[in-house]
Amino acid sequence: MQPGFDIRPTENPMGFAYGPGVFGPEVENRSLDAIRKSLRDPACSGPDPVYAIAMDVGRESDREAMLARNLLFGVVTYARGRLGEEPVRSQGHVHAVSPSCNASTPEVYEIWSGRAVILMQERDGDDPGRCFAVEAEPGQVVVVPPGWAHATISADPERPLTFGAWCVRDFGFDYRGVRAHGGLAWFPLLDEAGGLRWLHNDAYAPAPFVCKAPQGYPQLGIEPGVPIYTQFAEDPDRFLFVSHPQQKEEAWKNFLP
């Protein structure tokens, strides 16, 4: 999968290499200790750091358009391996209300390498609402709607997972509900063959759970088969719904990931 600009994930050290004309920060590493509270076995062993994040990357020529629309492009790469019985994954969270739009905002993921599962649920309270495990391969896009709790899972322990995502610039993460329940409503567990099975988190009430492939998102104006960064470069207003989620208010009602 080509990201649409000159960026390359690295493993030793874990992070990203930026090509000519590309801006980006030093990566921020997430340690295993930082995510233990959302794991089924908080005392497990595993790769450390678990993943590396670079928020606000892109081509210098696109920076002004991104700033004008309050958008940033973030990239994440995961370590190989396992977290005890679980796959390598992020801790769950909800996007906090952004002051710029007075709303929780969506996120548009695009998988670049590895195999991903975006685990998401409507709420982070005792009743999680509908729960989905959206399985995505390189080149596929997954949208997390505003207000939903979610985590990103590397479904193949033998391959690093790397993805990019459009986010609002004044993003924030709310971990309180997920941590209060010891994680999301379902735990991903790896079997001996490296496949995933799912275990309900009994801190939540029972709720519908669906494993599925990503749907297309024509209602959001996303074009299949074209890198989401390229789509922005060609039409900078295409992802305004990320920083202004009220623009797609009807699309978020009964949203199907």
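**Exercise 1.** In this predicted model, decide whether Cys-44 is buried or exposed.

*Solution.* The relative accessibility of Cys-44 is 4%. Buried means under 20%. Cys-44 therefore counts as buried.

**Exercise 2.** Classify Cys-211 by its accessibility, and find out why its sulfur forms no bond with the closest cysteine sulfur.

*Solution.* Start with accessibility: Cys-211 stands at 39%. Partly exposed lies between the limits of 20% and 50%, so Cys-211 counts as partly exposed. Next, take the distance. The closest cysteine sulfur belongs to Cys-131, and it is 11 Å from the sulfur of Cys-211. A disulfide needs the two sulfur atoms within 2.5 Å. The pair is therefore too far apart for a bond. For the structure as a whole, the number of disulfides is zero.

**Exercise 3.** Describe the largest pocket: its volume, its lining and the strands that contribute.

*Solution.* The volume is about 370 Å³. The lining has 25 residues, and Ile-53, Val-76, His-93, Glu-107 and Phe-173 are the closest to the centre. Sorted by class, the lining has 14 nonpolar, eight polar and three charged residues. Among the strands that each supply at least two lining residues are E5 (51-55), E7 (71-78) and E11 (107-113).

**Exercise 4.** Do the second largest pocket in the same way, giving its volume and lining.

*Solution.* This pocket holds about 160 Å³ of space. Of its 14 lining residues, those closest to the centre are Val-141, Gln-215, Gly-216, Pro-224 and Gly-225. The classes are seven nonpolar, five polar and two charged.

Definitions and conventions
Residues numbered from 1 in each chain as written. Predicted model: local features only at pLDDT ≥ 70, side-chain atom pairs only at ≥ 80, totals over all residues. Heavy atoms only, no water. Buried < 20%, exposed > 50% of the residue type's maximum accessible area, 1.4 Å probe, protein only. 1 Å grid on protein atoms, 1.4 Å probe; cavity = no way out; pocket = protein on both sides within 12 Å on 5 of 7 lines; lining within 4 Å. Points joined across faces, edges and corners; volume = space filled by probe spheres on them. Helix = DSSP H or I, 4+ residues; strand = E, 2+ residues; numbered from the N terminus. Nonpolar A, V, L, I, M, F, W, Y, C, P; charged D, E, K, R; others polar.
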